[in-house]
Amino acid sequence: MASVGVFAGLIVVVTILSKSHADRNVYPSAGVLFVHVLEREYFKGEFPPYPKAGDSSNDPITFNTNLKGYPDRPGWLRYIQRTSHSDGVLYGSPTAEHVGKPTIIEITAYNKRTFETARHNLVINIMSTEEFPLPYQAEFFIKNINVEEMLASEVLGDFLGAVKNVWQPERLNAINITSALDRGGRVPLPINDLKEGVYVMVGADVQFSSCLREVETPQNQLRCSQEMDPVISCDKKFRAQFHIDWCKISLVDITKVVPVHSNRPDLGTGVLPDIGEYNPPSESLKSRDYFADFLITLAVPSAVALVLFIILGYSLCCRREGVIQLVHHNSIQKSTKELRSMSKNREISWPLSTLPVFHPVSGEVVPPIHPDNYETTSMPLMQTQTNLQSQIQIPQQQSSGDNYCMSTFRRLEVNGIPEERKVAEALNL
């Protein structure tokens, strides 16, 4: 197990290795990033040998960390383990409020192949320093790195070296590291090796450099509002390894920050005062009659419903508008019933154009165009003449003289059914 502290741009690794179950002590400083690695190789020696064959060096091991006596860790301490085959990392930035108070973290390792567990305690002794916190703090958002990658000592050292080259301070320290997911960021899609991103806060003892101030110019602020990359002269010093979103950089001068003091109420001891023993009520309680309550509960809604029913009945039956609506509704019902009865009765009456007629000249009875076995279900209620395809001229001989009478008939079709009707009378030639 290894603990890492960052001081003045240097990485100090405090390693405490022991196979006994004694507590492990680390000594981070307030206001400085604290990183503690839970190494899988160390915990493998704590598990008993497994009788079945298998590669014990590749056992999946997960860790559970919590403050002793509590279900979770302190608010300033975070934990991450990407997979069961990678090391776990505890990291965070303790504050001055925790100085002098040992924090005991229970670490439980689970071997998912053998189902064995091992538990150790990590004692965090937070120390105070006079030079922390540093007055000038800058927070960078790095888009192409995840938090566990940034917590590696060599990667964090490279970033602090790049910042020191741009800022030129005498003292430079990493204050805190936060995953973009903890700031409300979204999990990236598993394409093109996208990263979650990480926020890194660093502190220095000198004013911000002109390069860091370039993001505050009106031109760059306008480009950021239009979701465009600002023009930063020192970006090339980071671009080789770190892709920084300069629109999200935060520059804070804590010497100019006005402290806000809130008056918190006295929480007390959390123990209720002693008011003596509890005396339950006696068994001789008076019975209560709920009949009146029942009547009120039932009578009030019934009375309201009755009044509404009377008003509705008066509006429909006693007023002219209501009567008209009832008559109109009754007529619609009658028409609907009549149409339904007609649709059920297949033997409907034939239209006048299909009844037997007399020939206008010979006097003979002309049979109807439709046969008796004609299907009448598709017969329309009203006949319409739509298609005039041909005309038939029948010459008729007069009783005397050489003149002829020409009777003209038109062959009409109604719904595809031919029909003949007399159209004109006697044209003298």
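How many aromatic pairs does the structure hold? The structure, which is a predicted model, holds 12 aromatic pairs. Two of these pairs share F238, and they are described below together with the burial of their members, the charges that sit over rings, and the chain as a whole.

**Aromatic pairs around F238**

- The ring centres of F140 and F238 are 6.3 Å apart and their planes meet at 35°, so this pair is tilted, an angle under 30 degrees being needed for a stacked pair and one over 60 for an edge-to-face pair.
- Because F140 belongs to strand β10 (residues 136-142) and F238 to helix α6 (residues 236-239), the pair ties together parts of the chain that are 98 residues apart in sequence.
- F159 and F238 form another tilted pair, with 6.2 Å from centre to centre and 50° between the planes.
- Since F159 is placed in helix α3 (residues 153-167) and F238 in helix α6, this pair ties together parts that are 79 residues apart in sequence.
- Ring pairs link F140, F159 and F238 with F242 and W246, and these residues form a cluster.

**Burial of the paired residues**

- Both F140 and F238 are buried, and for F238 the relative accessibility is 1%, which falls under the 20% limit and therefore counts as buried.
- F159, the partner of F238 in the pair with helix α3, is likewise buried, with a relative accessible area of 0%.

**Charges over rings**

- The charged end of R183 sits over the ring of Y199, at 4.4 Å from the centre of that ring.
- The ring of F141 has the charged end of K248 over it, 4.6 Å from the ring centre.

**The loop that holds G100**

- G100 is found in the loop between β7 (88-92) and β8 (103-111), and it counts as exposed because its relative accessibility is 63%, which is over the 50% limit.
- From C-alpha to C-alpha, G100 and M127 are 6.8 Å apart in space, while in sequence they are 27 residues apart.

**The chain as a whole**

- The secondary structure of the chain comes to 8 helices and 18 strands, and of its 429 residues, 32% count as buried.
- Among the contacts in the chain with a separation of 6 or more, 63% are between residues 24 or more positions apart.
- The chain exposes about 28,800 Å², and carbon and sulfur atoms supply 56% of that area.

How values were computed
Residues are numbered from 1 along each chain as its sequence is written. This is a predicted model: local features need pLDDT of at least 70, side-chain atom pairs count only at pLDDT 80 or more; totals for chains, interfaces and linings use all residues. Side-chain values use heavy atoms; hydrogens and water are left out. Rings of Phe, Tyr and Trp (its six-membered ring) pair if their centres lie within 6.5 Å; planes under 30 degrees apart count as stacked, over 60 as edge-to-face and the rest as tilted. Helices (H or I, at least four residues) and strands (E, at least two) are DSSP runs, numbered from the N terminus. Buried means under 20% relative accessible area, exposed over 50%, partly exposed in between (1.4 Å probe, protein chains only). A charge sits over a ring if NZ of Lys or CZ of Arg is within 6 Å of the ring centre and within 35 degrees of the ring normal. Contact means heavy atoms within 4.5 Å. Accessible areas come from the Shrake-Rupley method with a 1.4 Å probe; for residues, only the protein chains shown count as cover.
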